[in-house]
Amino acid sequence: MIKISEDFCNTSTQVIIGQNAISHLSEIGENKKVAVFHPKKISIDEVKKYLKNYYDFPIDDGEEAKDISYSLKLIKDLFEKGFDRGDYVVAIGGGTVTDVVGFIASIYMRGLNLVNVPTTILGMVDAAIGGKTGVNFENVKNVLGTFYQPSVIIADLNFVKTLPVEEIKKGIAEVIKYGLVLDKELYDFLALHKEDIYNKDLSVLETVVYKSALNKLMVVKEDERETKGIRIVLNFGHTIGHAVEAGSGFKIPHGYAISVGMVCEAKIAEEMGYAEEGVVEDTTWILSHYELPISVDSLSEKIDVEKAIGAITKDKKVRGGKLLMPFPTRIGDWKRVDVPLETLKGFAEQCLR
Ligand SMILES: NC(=O)c1ccc[n+]([C@@H]2O[C@H](COP(=O)([O-])OP(=O)(O)OC[C@H]3O[C@@H](n4cnc5c(N)ncnc54)[C@H](O)[C@@H]3O)[C@@H](O)[C@H]2O)c1
Ligand SMILES: O=C(O)C(=O)C[C@@H](O)[C@H](O)[C@H](O)COP(=O)(O)O
Ligand SMILES: [Zn+2]
């Protein structure tokens, strides 16, 4: 079992990684009420063993569940059961569940105790960590949300056993992101371990989750609320990625969309003279090696370019007509470049058509 602790401005977080990590749920006080939100398809029989005073809330997941109306429905559940600020919310599921449940936990009575239990690789390496919560609105990703740290993140690798390989692929896209802009060693590790990862070697996956969590926490500690131009690095591939999601009516999953987004943004970085020679090739190579899409042509849905470009205008990194772009400079390194919105839209059109 691996444990990482990190202090943020007003809170601290612990990440627990390993098989059977779920047993740590027993550390929640017996006198506290615990709301367990989980997708209907994920059984919580194992989880129940460690909780005394729990309320079982089976919910919808997937991008459709990230609609504000659904959050209000879940809040009503907490309200009707009389949850107070001393009580706990446990979010079990993929990134869509931790985004939505984290959001309601943060706004109900201005915040209940939150424990995230990611059950997808994407959740374990990224979504459950760092405190961003969010729901979609008017065809724009995560445009309503909060920064709210879970006190504990429990990444129990046993959940991977039931996870389809397609879901591992989507999560690996975010891990490749860390490799490309923050961690060359991780890039090299990924280059060597595709078979182990796709064959669900749990000890290799534990290393992947651990290295990813360290990268993410390091960045979030420096710039928890994305006000210092540092946390934007975690958004590499996401300006175009979120546009791809919006342009597909949210039918293209996040992991695939940011995969295409990373290639496109690496190309823009190169064309604007910020990325060293070879960055685009290395980006394309690692994503193709993991059988991830590298252009819109390999996606299963057609992209509505107008809608996609519309979403870019509403990106949360826009400041005064410029987009704060995290550009890769060489593998494992990056630079912030403030790109005029019109320039970026021009490049985006080239990638999306
Ligand atoms: N808050 C953040 O920092 C952050 C970071 C990255 C991504 N995200 C968000 O995360 C979302 C994507 O998350 P995701 O890829 O986990 O998608 P998801 O939550 O839709 O889960 C993917 C699929 O896997 C299924 N599933 C989950 N756990 C399973 C298990 N153990 N066994 C079998 N099936 C299982 C789900 O039911 C779903 O069908 C996007 O909305 C994205 O914007 C947020
Ligand atoms: O934690 C972050 O910061 C990230 O940007 C991580 C991303 O992988 C994630 O998809 C996040 O939800 C995107 O945030 P947004 O601010 O662009 O909505
Ligand atoms: Zn992401």
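**Ligand 1**

I started with the pocket: 24 residues surround ligand 1, counting any residue with a heavy atom within 4 Å of it. The closest are Asp-61, Thr-96, Thr-119, Thr-120 and Lys-141.

Notes to self on the source: this is a predicted model, with pLDDT of at least 70 needed for local features and 80 or more for side-chain atom pairs, while totals for chains, interfaces and linings use all residues. Residues are numbered from 1 along each chain as its sequence is written, ligands from 1 in the order in which they are written, and side-chain values use heavy atoms, without hydrogens and water.

Next I pulled polar contacts (N or O pairs within 3.5 Å). A polar side-chain atom of Lys-141 sits 2.7 Å from a ligand 1 oxygen, and a backbone N or O of Gly-95 is 2.8 Å from an oxygen of ligand 1. Thr-162 puts a polar side-chain atom 2.7 Å from a ligand nitrogen. I then checked cover: the protein hides 88% of the 870 Å² of accessible area that ligand 1 has on its own (Shrake-Rupley, 1.4 Å probe).

I sorted the shell by type: five nonpolar, eight polar and 11 charged, with Gly counted as polar. Domain 1 (2-163) and domain 2 (166-352) each give at least three residues to the shell; the bounds come from an automatic or database domain assignment.

**Strand β9**

I moved on to β9, a DSSP E run (at least two residues). Five of its five residues, 152-156, are buried, so the strand is largely enclosed by the rest of the structure. Buried here means under 20% relative accessible area (1.4 Å probe, protein chains only).

I found β2 (residues 12-18) running parallel to β9 over five bridges, with Gln-14 opposite Val-152.

Definitions and conventions: A polar contact is a pair of N or O atoms within 3.5 Å; within protein, one must be able to donate a hydrogen and the other to accept it, and residues adjacent in sequence count only if both atoms are side-chain atoms. Buried means under 20% relative accessible area, exposed over 50%, partly exposed in between (1.4 Å probe, protein chains only). Helices (H or I, at least four residues) and strands (E, at least two) are DSSP runs, numbered from the N terminus. Two strands pair if DSSP finds at least two bridges between them.
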